[in-house]
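Student: I should be grateful for a close look at a single part of this model, namely the arrangement of its strands. Please then place that part in the setting of the whole chain.

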Amino acid sequence: MRGLLKIVAMSLVFLPGIALASLPEALFEPQKNSKSLVLTLAARPVMSPFAHVRFCMQHPTQCSRQRVSLRKPKVAMTQQRLAELEGINRSVNASIVAQPDPGGPFNDRWTLFPKAGDCDDYAVSKRARLLELGWPSSSLLLAQFSHTAEESHLVLVVRTSGGSFVLDNLANSIRPLKTVAHRIEKIQSATAPELWLRPVNPQPELRVTLLSF
């Protein structure tokens with residue numbers, strides 16, 4: 001019972017409407033047609049997915065900052081990096097048999113490298129593999145897309161100097177984020193992986209801005 005209460009408490013730490021001063025990172029965009037740099041808020045803290053809070057308690061290293069460089073905030077996209085993304089996306093998709101979790105948020109569990117699982121398991125497994133290869137945590141963001149009217153879909157968004165890419169268990173080829181039709185409901189913070197953010201205005205052009213700062 002105490003463990004359950006701890007999970008709920010952790011998921012409620014950052015709620016929408018929290019004070020700007022306590023934002024975990026500066027997710028801003030410059031205002032156009034302005035001589036001075038005017039910053040406008042592009043995202044706000046939101047409740048973390050319950051399953052992710054539980055996942056972080058089980059795998060704390062997966063929810064901590066790793067290999068983050070302030071001098072090079074984005075990973076340089078090279079042919080080797082592109083091959084890593086394509087290879088891991090395909091290999092993880094092939095290694096897990098698609099199988100939905102039991103219904104309800106309390107039954108949803110995110111598992112690393114299971115034999116069978118759903119979109120959550122694919123996404124966290126791909127992120128773990130890329131962390132092992134030396135990718136910084138700030139470039140590897142879990143994101144919930146609005147898949148259908150009743151269902152969200154978890155994918156891995158990878159931020160690079162060549163743009164942001166989506167690794168999805170429903171596609172064996174990685175896709176540029178700007179080509180994805182579904183809007184982002186929630187996305188991990190780049191500087192605090194245990195926290196999540198929601199785009200203030202979930203339009204396609206804004207979500208590219210959000211992930212390309």
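Tutor: Two strands are taken to pair if DSSP finds at least two bridges between them. The model is a predicted one. On that definition, 7 strands form an open sheet with antiparallel pairing. Their order across the sheet is E3-E11-E10-E6-E7-E8-E9. The edges are strand E3, residues 43-46, and strand E9, residues 175-176, each of which pairs on one side only.

Within this order, strand E7 covers residues 152-160 and strand E8 covers residues 163-167; 5 bridges join the two in the antiparallel sense. One detail of the register can be given: arginine 159 has serine 164, in E8, as its bridge partner. Helix H4, residues 119-132, lies across strand E6 (140-146), E7, E8 and strand E10 (184-188). Relative to E7, helix H4 runs at about 20 degrees.

At the edge strand E3, the chain continues into a loop that leads to helix H2 (50-58), and serine 48 lies in that loop. Serine 48 has a relative accessible area of 8% and is therefore buried, since the cut-off is under 20%. A polar atom of the serine 48 side chain lies 3.4 Å from the backbone oxygen of glutamate 194.

Helix H2 in turn contributes phenylalanine 55 to an aromatic pair with tryptophan 110, which lies in the loop between strand E4 (97-98) and strand E5 (116-117). The pair therefore ties together parts that are 55 residues apart in sequence. A pair of aromatic rings is described by the distance of the centres and the angle of the planes. For phenylalanine 55 and tryptophan 110, the centres are 6.5 Å apart and the planes are at 50 degrees, a tilted arrangement. Both partners are buried, phenylalanine 55 at 3% relative accessible area and tryptophan 110 at 2%. The count of aromatic pairs comes to 2, and ring pairs link Phe55, Trp110 and Trp196 into a cluster.

As for the setting, the protein has 5 helices and 11 strands. Of its 213 residues, 44% are buried. Among contacts with a separation of 6 or more, 62% involve residues 24 or more positions apart. The accessible surface amounts to about 11,200 Å², with 57% of it belonging to carbon and sulfur atoms.

Notes. Residues numbered from 1 in each chain as written. Predicted model: local features only at pLDDT ≥ 70, side-chain atom pairs only at ≥ 80, totals over all residues. Heavy atoms only, no water. Helix = DSSP H or I, 4+ residues; strand = E, 2+ residues; numbered from the N terminus. Contact = heavy atoms within 4.5 Å. Axes fitted to C-alpha atoms, helices over the stretch in contact; angles between N-to-C directions. Buried < 20%, exposed > 50% of the residue type's maximum accessible area, 1.4 Å probe, protein only. Areas by Shrake-Rupley, 256 points an atom, 1.4 Å probe, with all protein chains shown as cover. Polar contact = N/O pair within 3.5 Å; in protein donor to acceptor, adjacent residues only side chain to side chain. Phe/Tyr/Trp six-rings, centres within 6.5 Å; stacked < 30°, edge-to-face > 60°.
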